Amino acid sequence: MNFEELEIIKDVTGQLIDFTLNLRQSGHPGGSRSKMHSFWSMVFSDYSHFDFIHPENPLSDRFILSAGHTVPLIYAALTVIGESFKKRFEETKDERFFIDPSKIVLLDDLLKFRHRDGLSGHAEFSGKTLFLKFNTGPAGHGLPASVGEALALKRAGLDVRVWLIEGEGALSAGASHESKNSAYGLGLDNLYWLIDWNDFGIDDHPVSKVIHGTPDDWFRPYGWNVAGCEDGHNWEKIFDAFKRIESQRGKNLPNAIWFKTKKGYGYGLYDNKSHGSPHKANSEIFWRTRDEFIEKYKVDFEGYGKPAPDGDEFVKQTRVNLKKVIDVILENDGLVEKITDELIQKRAVISKRSFVLNSRIFDDESLFDYNSYPKEIFFDPGSKVANRQALKSWGAWINAVSAKKYGRPLFLAASADLTESTNLSGFGEGFGDFKGYGWYDRDSNLEGVLLPQEITEFANAGISAGVASVNLSDKPYEKFNGFWMATSTYGAFAYLKYGPYRLFSQMAQDCPIKLGKILWVVGHSGPETADDSRTHFGIFSTVVTQLFPKGHIINVYPWEANEVPVLLGAALSKDVPIVALHLTRPPIEIPDREKMKLPSHFEAAKGAYLIRDFKSGKRDGTILVRGTMTTYNLLKILDILDRYNLKIVSIPSKELFDMQPKEYREKILPWEDWEESMVITNESLKAVDDWIATKKYIQYCMSSDWDNRWRTGGTVDEVMNEAHLSSEYILEGIERFVKR
């Protein structure tokens with residue numbers, strides 16, 4: 001593609017953006033226009049290979065619009081591509097040029113920008129925009145996702161690149177710092193960030209008034225390969241920057257190319273004033289900024305210089321003018337052929353790529369058949385074990401059996417320098433005669449599964465979402481092939497991961513391509529993390545794991561170690577994208593369930609199970625208990641509680657319980673029993689809201705926030721006593737409930 005042809009494509013793209021926003025009177029023109037040159041240069045450079053015909057193609061390069069508000073640029077660009085291929089196919093009937101209309105944006109789609117069932121106001125990985133490989137818009141959220149996607153491709157042995165476009169405003173977010181470090185540490189030489197450096201965000205002050213330096217200063221100290229372009233609207237200089245980044249490309253070094261641009265380029269309204277405010281519909285300035293295009297391409301726009309008509313007439317006028325714009329390309333047969341032929345040639349390069357990653361692992365139901373798990377991952381009664389140790393054993397086993405049966409791991413894992421502390425380390429350790437995958441190392445162990453990360457809680461979540469978004473299956477609409485991710489942090493810090501997981505949940509809902517799973521380990525939860533005091537144990541913040549639509553996450557709360565593998569097997573066998581495993585830190589004695597006449601730990605898989613059922617006679621109520629020390633302390637007083645006629649139910653997972661057959665649910669917790677119940681939990685009362693049947697007996701429920709105060713710290717017994725959750729307090733609370 002020569003510069004003159006690119007200039008035409010750029011001009012058409014700008015007009016498509018403008019007319020789309022003029023009709024909708026909403027959207028972001030400034031950044032969309034400033035990125036036109038860099039975007040088209042990326043598409044037609046010698047170094048990118050995108051499959052626009054089959055955007056689900058796992059061997060295609062991947063693109064993330066981290067500056068998700070500038071999605072009007074992408075809609076306009078996809079329209080140029082879609083309409084060019086449509087015309088070529090209609091003229092030639094050559095199937096090579098056919099793009100399924102459901103997979104590409106076409107001219108009429110622009111009329112439904114920011115309307116329900118139309119084109120979204122920010123970037124989304126779904127429907128007609130499968131070219132976009134992550135949901136973006138929240139500042140900086142796309143950055144760690146790009147790291148995760150690049151890692152998944154590299155770990156799978158694929159020479160496929162991940163391209164990302166972002167502005168410098170989002171680079172001021174903490175996610176930028178975390179992502180730059182992570183990309184360097186993981187040696188992601190297949191990662192390319194294109195930085196639109198225009199010095200403005202939304203507010204009046206320039207970014208340079210707040211952030212020191214240049215993009216060179218922002219990337220070189222992080223070990224990145226960097227090239228820049230002082231004139232981001234000059235084709236020759238832009239392509240030179242692409243050539244330089246490639247000539248400088250180093251092993252294991254991520255890449256950044258920056259372009260100094262003008263926000264609002266060609267729009268007549270510049271800098272922050274152009275950020276999110278289109279010109280008023282058919283205003284004087286709107287028409288005036290069409291003049292150059294009109295003169296250059298001899299276009300006669302309908303309604304030029306006149307006010308916008310009402311309702312459907314405005315839509316019709318916009319449709320006519322959008323068609324006049326796109327016809328500048330479509331009536332240029334040579335340009336249509338050039339666009340389509342070059343992109344077809346890039347598909348030919350993609351078709352030569354290959355990799356080996358066994359997909360049969362995702363058909364193996366035995367990985368989640370907890371009844372068949374080896375006895376080595378369970379613990380004998382009487383042994384003193386923390387439930388986090390069970391995660392370690394299970395993680396080692398599942399990646400070991402994956403390696404033996406399929407020559408690959410199921411899980412990659414990342415923790416913010418807490419891999420040992422939260423026992424996420426198990427995923428890389430040996431099991432039986434398998435020595436373990438160990439730590440991922442960019443120089444010496446690309447087969448590792450434990451990602452070396454420092455204090456990067458947010459980035460770890462974004463990386464996990466990115467990894468789990470890469471589907472390498474040859475039937476991506478039907479099956480997933482890639483890696484699942486496990487991440488861990490303290491329960492107190494769970495909120496740091498919510499943002500990326502929220503976006504991943506949205507994609508899992510709407511993207512027709514099958515995505516992977518994320519195991520979110522909410523470690524050291526509850527006041528049981530007593531020694532570290534209230535800054536480190538999660539009582540309230542763990543509620544964030546429940547802030548998803550029903551069916552998008554399964555929360556599991558094992559109270560003792562032997563329930564951990566059972567709950568993991570049960571939860572991961574379900575078609576749900578996120579599993580949150582809530583673990584506590586202190587070791588407790590594994591109960592002799594047979595001696596205590598308790599159900600097997602395998603019953604935890606049902607989400608709720610009986611500890612004690614009613615005896616005959618007048619009933620004193622139902623006790624629902626969740627949490628490690630709360631259940632442990634309640635079991636200490638079981639004999640005393642026998643003086644009452646109580647039903648006691650362990651409730652490790654509301655989501656799993658709701659998935660059980662109605663017969664089982666009504667057996668364990670019929671309404672007449674549930675209505676007359678109290679809940680005992682080691683967390684806040686908010687965290688068990690779904691288990692509280694009515695407000696009638698909420699005053700009898702027992703939780704760590706009984707006095708609406710943060711707990712302090714000390715020994716486990718001291719803190720549980722302060723939380724009024726010691727055995728003595730639990731007995732007192734139950735007796736108060738019985739006497740209600």
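Me: Why does Arg353 count as buried?
Reply: Arg353 has 17% relative accessibility. Buried means under 20% relative accessible area, exposed over 50%, and partly exposed in between (1.4 Å probe, protein chains only). Since 17% is under 20%, Arg353 counts as buried. This is a predicted model, in which local features need pLDDT of at least 70 and side-chain atom pairs count only at pLDDT 80 or more, while totals for chains, interfaces and linings use all residues. Residues are numbered from 1 along each chain as its sequence is written, and side-chain values use heavy atoms, with hydrogens and water left out.

Me: Where does Arg353 lie, and which residues is it in contact with, leaving aside neighbours within four places in sequence?
Reply: Arg353 is in the loop between helix H12 (333–351) and strand S6 (384–385). Helices (H or I, at least four residues) and strands (E, at least two) are DSSP runs, numbered from the N terminus. With those neighbours set aside, Arg353 is in contact (heavy atoms within 4.5 Å) with His49, Leu59, Ser60, Asp61, Asp159 and Val160.

Me: Why is H4 called oblique to H11?
Reply: The axes of helix H4 (residues 71–92) and helix H11 (residues 311–330) come within 10 Å and cross at roughly 60 degrees. Axes are lines fitted to C-alpha atoms, for helices over the stretch in contact, and angles run from 0 to 180 degrees between N-to-C directions. Under 35 degrees counts as roughly parallel, over 145 as roughly antiparallel, 65 to 115 as roughly perpendicular, and the rest as oblique. The crossing angle therefore makes H4 oblique to H11.

Me: Which residues make that contact?
Reply: H4 supplies Thr79, Val80, Glu83, Ser84 and Lys87, and H11 supplies Ile326, Ile329 and Leu330.

Me: How do you know that S2 and S3 pair?
Reply: Two strands pair if DSSP finds at least two bridges between them. Strand S2 (residues 162–167) and S3 have six bridges, in the parallel sense. One of the partnerships is Trp163 with Tyr192 of S3.

Me: What makes strand S3 mostly covered?
Reply: In S3 (residues 191–197), seven of its seven residues are buried. Leu191, Trp193, Ile195 and Trp197 point one way, and Tyr192, Leu194 and Asp196 point the other way. In a regular strand the side chains alternate between the two faces of the sheet.

Me: What makes S8 and S11 edge strands?
Reply: The open sheet of six strands has the order S8-S7-S9-S10-S12-S11, with parallel pairing. Strand S8 (450–451) and strand S11 (553–556) each pair on one side only. Elsewhere in that order, six bridges join S9 (residues 484–490) to S10 (residues 518–523).
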